[in-house]
Amino acid sequence: MKFIIAGCAKDCEKYIKLVFQNIKKICNTINVQQIIIAYDESKDNTLLELIKQKKELNVDIKILINRDPLTPYRTQNICNARNKLLEEIYAFQPTIDKFIMMDFDDVCSKPINLEVLKEGLLLDKDCVTFNNKNYYDFWAVSIDNYQYSAWHFDQPNRYLKLLRLYLLKKLYETKENFIECESAFNGFGIYKLKSFKNCKYQSLMDKQYYSKKKLDYIIKTFNLNIDKKIKPYDCEHRIFHLKAKKQNNAKIIIYKKNLFPEYVGPHTSFIKM
């Protein structure tokens, strides 16, 4: 089975070396054909560190340097970068079986658990993401009635806390070693290429992919309202996954084991609020 590893890099110089230590371990475990990195202009020496790692790793590495101006919206910039990665990945069809999309910041900088990775690779699912003792990526999660974007409610932090409690409860109570969802990422995902055919990342919200019934349930059950002043941009992963489910019947899961040690960082600051 042949793989591509892909990811975005911006302002993450201090983590690049640590991330590549994990990438080296992955490359020693699976057949990685190429590593593709989408680089956006940074305030630090991210690009220089990427070039340094490119020279040291015995795998083909392609760095896509963005020459276009960035938009005011972070999620749109990441969306644009990920779609450039997808263009490169899809060009490998049909010679590539799966691709790994991973973050190049602190999220994937701690030592990876290769045994958990191997177990995840054995699961016959279209997209495999992983748990963490301190699960952080609630922005990308859509599960059961919790499908909508947290940042478009009038109380986003309250919604995120409700989602967090629901997810942790489901992970604990489910007897299987994974839970199925509509969207998840948590910094590292393994994707079957054929199951995401004709799908792209999208930050701009599109109502055709969201369930009004699920949204109404959340609004009525928890007395929340949609904040109409918020710009219509969402986490880029959500519609990418919702499209794959709608078009290709993709099965997306969160494997219950932890791929990386407990996450400690700014992404979970909302939990203390």
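The following exercises, each with a worked solution, concern a predicted model.

**Exercise 1. Surroundings of Asn66**

Task: Determine where Asn66 lies, whether Asn66 is buried or exposed, and which residues its side chain meets in polar contacts.

Solution:
1. Begin with the position along the chain: Asn66 belongs to the loop between strand S3 (61–65) and helix H3 (74–90).
2. Next, consider accessibility. The relative accessibility of Asn66 is 18%. Buried means under 20%, so Asn66 counts as buried.
3. Then list the contacts, leaving aside neighbours within four places in sequence: Asn66 is in contact with Tyr39, Asp40 and Lys84.
4. Finally, look for polar contacts between side chains. The side chain of Asn66 has one of 2.9 Å with the side chain of Asp40 and one of 2.8 Å with the side chain of Lys84.

**Exercise 2. Packing of H3 and H7**

Task: Describe how H3 and helix H7 (residues 236–248) pack, and state which residues make the contact.

Solution:
1. Two packed helices are described by the angle between their axes and the distance between the axes.
2. For H3 and H7 the angle is about 45 degrees, and the axes are 9 Å apart.
3. Angles under 35 degrees count as roughly parallel and those of 65 to 115 as roughly perpendicular. The arrangement of H3 relative to H7 is therefore oblique.
4. On the H3 side, the contact is made by Thr75, Ile78, Cys79, Arg82, Leu86 and Tyr90; on the H7 side, by Glu236, His237 and Phe240.
5. Sorted by character, the residues of this contact comprise five nonpolar, two polar and two charged.
6. Arg82 and Glu236 also appear in a network of salt bridges, in which they are linked with Asp103.

**Exercise 3. Salt bridges**

Task: The whole structure holds 14 salt bridges. For the pairs Lys62 and Glu88, Asp124 and Lys192, and Lys169 and Glu173, state which parts of the chain are joined.

Solution:
1. Take Lys62 and Glu88, whose side chains meet in a salt bridge of 2.9 Å, N to O. Lys62 lies in strand S3 and Glu88 in helix H3, so the pair ties together parts that are 26 residues apart in sequence. Lys62 is partly exposed at 33% relative accessible area, and Glu88 is partly exposed at 22%.
2. Take Asp124 and Lys192, which meet at 2.6 Å, N to O. Asp124 is in the loop between helix H4 (114–122) and strand S5 (127–131), while Lys192 is in strand S7 (residues 188–192), so this pair ties together parts 68 residues apart in sequence. Asp124 counts as exposed at 62% relative accessibility, whereas Lys192 counts as buried at 16%.
3. Take Lys169 and Glu173, whose closest N and O atoms are 3.0 Å apart. Both residues lie in helix H5 (residues 156–173), four residues apart, about one turn of the helix. Lys169 is partly exposed at 47%, and Glu173 is partly exposed at 49%.

**Exercise 4. Two buried residues**

Task: Locate Ile218 and Ala150, and identify what each one touches.

Solution:
1. Ile218 is in helix H6 (residues 212–222) and is buried, with a relative accessible area of 1%.
2. Not counting residues up to four places away in sequence, Ile218 touches Asn145, Tyr146, Phe153, Tyr159, Asn223 and Leu224.
3. Ala150 is in the loop between S5 and H5 and is buried, with a relative accessible area of 5%.
4. With neighbours within four places left aside, Ala150 is in contact with Pro156, Tyr159 and Leu160.
5. Comparing the two lists, Tyr159 is found in both.

**Exercise 5. Backbone features**

Task: State which residues are joined by a cis peptide bond, and where Asn186 and Asn198 lie.

Solution:
1. Most residues other than glycine have a negative phi, and most peptide bonds are trans.
2. Gln93 and Pro94 are joined by a cis peptide bond, with omega about 0 degrees. Pro94 is in the loop between H3 and strand S4 (98–102).
3. Asn186 has a positive phi of about 60 degrees. Asn186 lies in the loop between strand S6 (178–181) and S7, and counts as buried at 7% relative accessibility.
4. Asn198 has a positive phi near 65 degrees. Asn198 lies in the loop between S7 and H6, and counts as exposed at 61% relative accessibility.

Terms used: Residues numbered from 1 in each chain as written. Predicted model: local features only at pLDDT ≥ 70, side-chain atom pairs only at ≥ 80, totals over all residues. Heavy atoms only, no water. Helix = DSSP H or I, 4+ residues; strand = E, 2+ residues; numbered from the N terminus. Buried < 20%, exposed > 50% of the residue type's maximum accessible area, 1.4 Å probe, protein only. Polar contact = N/O pair within 3.5 Å; in protein donor to acceptor, adjacent residues only side chain to side chain. Contact = heavy atoms within 4.5 Å. Axes fitted to C-alpha atoms, helices over the stretch in contact; angles between N-to-C directions. Parallel < 35°, antiparallel > 145°, perpendicular 65-115°, else oblique. Nonpolar A, V, L, I, M, F, W, Y, C, P; charged D, E, K, R; others polar. Salt bridge = Lys/Arg side-chain N within 4 Å of Asp/Glu carboxyl O.
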